[in-house]
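Here's a quick briefing to read alongside the model. Have the viewer open and follow the bullets topic by topic.

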Amino acid sequence: MDMTLRWFGDGYDTVSLENIRQIPGVTGVVSTLYDAQPGDLWEKEKVAALKARVESTGLKLLGIESVNIHDSIKVGTPERDQYIENYIKTIELLGEAGVKCICYNFMPVFDWTRSDLAKLRSDGATVLAYDQKEIDLIDPANIFESMQKKAGDTLLPGWEPERMAHLQELFEMYADVDEEKLFENLKYFLEAIRPACEKYEVNMAIHPDDPPWKVFGLPRIMTSRENLLRLTKIVDAPFNGITLCTGSLGSNPDNDIPDIIRSLEGRIHFAHVRNVQHNAPGDFQEAAHLSSDGSLDMYEIMKALSDIHFEGLMRPDHGRMIWGEKAMPGYGLYDRALGAAYLNGLWEAIKKNK
Ligand SMILES: O=C(O)[C@@H](O)[C@@H](O)[C@H](O)[C@H](O)CO
Ligand SMILES: [Fe+2]
């Protein structure tokens, strides 16, 4: 298992590679070309520059999070083939550069969604939070504005302003897309990229939907054990894998995370390990990684990953904002560093007591 941290790149991330390098047990980062738009063909030189920058600090570029998927591919419009062609070429140049894991998601229109990006806790820290009652009061046309206002001058992953400027059109694109259609389009995409992934040994790791249920009436499919298993079957090949995000799936208390992990042996290429606190149905908030700070049993989750001989990439996912840090919501240095150390501690104890 390689413990990593997500890094958004110079000029986008408030956290430096040099600081990440000093977190014990973190060997690399998962990063991205944060100015690339979904559907873009990535440039070889930019990938090489990113890799060189990361490696200049003694860290490794171990994965990309994310090469985002153009809405035409998710909706299944005729234009999708051009964007799939660009994706294939991007897979090839990443594979040639030695990057062997790509995280992506198939959520329509929005990436992860929250009603609050800085909910105050009794310990004075702030966290991301989601309350369906608040989301139901938001006009979807204004969700980007409200998210971005709370995010200050950081750019939220998956919420590209260029795309959000066409929100009405995006909603219209998905008007006839239901869960079945989304699965069909995902299968079409995976079949098309399979040769490149297998030739360049690049694993695809789809991220679950966050939260794992319909938002603003838009279908979501990466939501449960059943649907994740279905994903592994629609193109039944090892490259077609999963980013097992414990916080995304875990925000639905019906999802038994250790059981989901054990049902996906060999298909989890990337693990986002974070805790979440269930307040009520459809109402959750994020937490420190420590089990007792939230509702998930992080020991049982790490034990399940060890039991399936998980050897992929791992990262602490969203953390609290603590010690007065100012950073992209969920992506501060301090609480993710605490998370990485905690997860490595659990992993060491589990491995030594096998
Ligand atoms: O847990 C989460 O929601 C995050 O990890 C996402 O921002 C994730 O990185 C993206 O959806 C992946 O494409
Ligand atoms: Fe995640």
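His272 has 0% relative accessibility, so it counts as buried (under 20% relative accessible area with a 1.4 Å probe and protein chains only; exposed is over 50%, partly exposed in between). This is a predicted model, so here's the small print: local features need pLDDT of at least 70 and side-chain atom pairs pLDDT 80 or more, while totals for chains, interfaces and linings use all residues. Residues are numbered from 1 along each chain as its sequence is written, chains are lettered from A and ligands numbered from 1 in the order written, and side-chain values use heavy atoms, with hydrogens and water left out.

**The iron site**

- His272 (ND1) is one of the protein donors of the iron ion (ligand 2), together with His207 (NE2), Cys245 (SG) and Asp317 (OD), and they lie 2.2 to 2.5 Å from the ion.
- Donors here are N, O and S atoms within 2.8 Å of the metal (3.2 Å for Na, K and Ca); water is not among the atoms, so sites may look incomplete.
- The iron ion (ligand 2) has six donor atoms with angles of 70 to 176°, and its site is octahedral. For six donors that label asks for opposite donors over 155 degrees apart and all others between 65 and 115.
- Along the chain, the donors are spaced as H-x37-C-x26-H-x44-D.
- Cys245 sits in strand 8 (residues 240-245) and His272 in strand 9 (residues 268-273), so this pair ties together parts 27 residues apart in sequence. Helices (H or I, at least four residues) and strands (E, at least two) are DSSP runs, numbered from the N terminus.
- Cys245 is buried too, because its relative accessibility is 0%.

**Thr243, also in strand 8**

- Thr243 is found in strand 8, and its 0% relative accessibility makes it buried.
- Leaving out neighbours within four places in sequence, Thr243 is in contact (heavy atoms within 4.5 Å) with Cys103, Ala205, Ile206, His207, Pro208, Phe270 and His272.
- A polar atom of the Thr243 side chain lies 2.9 Å from the backbone oxygen of Ala205. Polar contacts are pairs of N or O atoms within 3.5 Å; within protein, one must be able to donate a hydrogen and the other to accept it, and residues adjacent in sequence count only if both atoms are side-chain atoms.

**Around ligand 1**

- Ligand 1 has 19 residues around it (a heavy atom within 4 Å), and Arg6, Glu65, Ser66, Asp111 and Asp210 come nearest.
- Oxygen atoms of ligand 1 lie 2.9 Å from a polar side-chain atom of Asn105, 2.7 Å from one of Asp111, and 3.0 Å from a side-chain N or O atom of Arg274.
- The backbone oxygen of Asp111 lies 3.1 Å from a polar atom of the Thr113 side chain.
- Thr113 is in the loop between strand 4 (101-104) and strand 5 (116-120), and it is buried because its relative accessibility is 0%.
- Not counting residues up to four places away in sequence, Thr113 touches Tyr130, Ile135, Ile143, Met147, Trp159, Asp210, Pro211, Val215 and Arg220.

**Core packing**

- The largest nonpolar core has 105 residues, and Leu186, Phe189 and Leu305 touch the most other members. Such a core is a set of buried Ala, Val, Leu, Ile, Met, Phe, Trp, Tyr and Cys residues joined through side-chain atoms within 4.5 Å.
- Helix 9 (residues 179-200) supplies the largest share of this core, nine residues.
- Apart from this core lies another of seven residues, including Val30, Leu62, Cys103 and Ala205.
- In helix 6 (residues 140-150), Ile143, Phe144, Ser146, Met147 and Gln148 are buried; the buried residues of helix 6 pack against strand 5, helix 7 (161-164) and helix 8 (167-173).

**Backbone oddities**

- Most residues other than glycine have a negative phi, and most peptide bonds are trans.
- The peptide bond from Glu65 to Ser66 is cis, with omega near 0°, and so is the bond from Asp210 to Pro211.
- Phe216 has a positive phi of about 55° and lies in the loop between strand 7 and helix 10.
- His309 also has a positive phi, near 55°, and counts as exposed at 52% relative accessibility.

Methods:
Four donors count as tetrahedral if all angles lie between 85 and 135 degrees; four count as square planar and six as octahedral if opposite donors are over 155 degrees apart and all others between 65 and 115; anything else is irregular.
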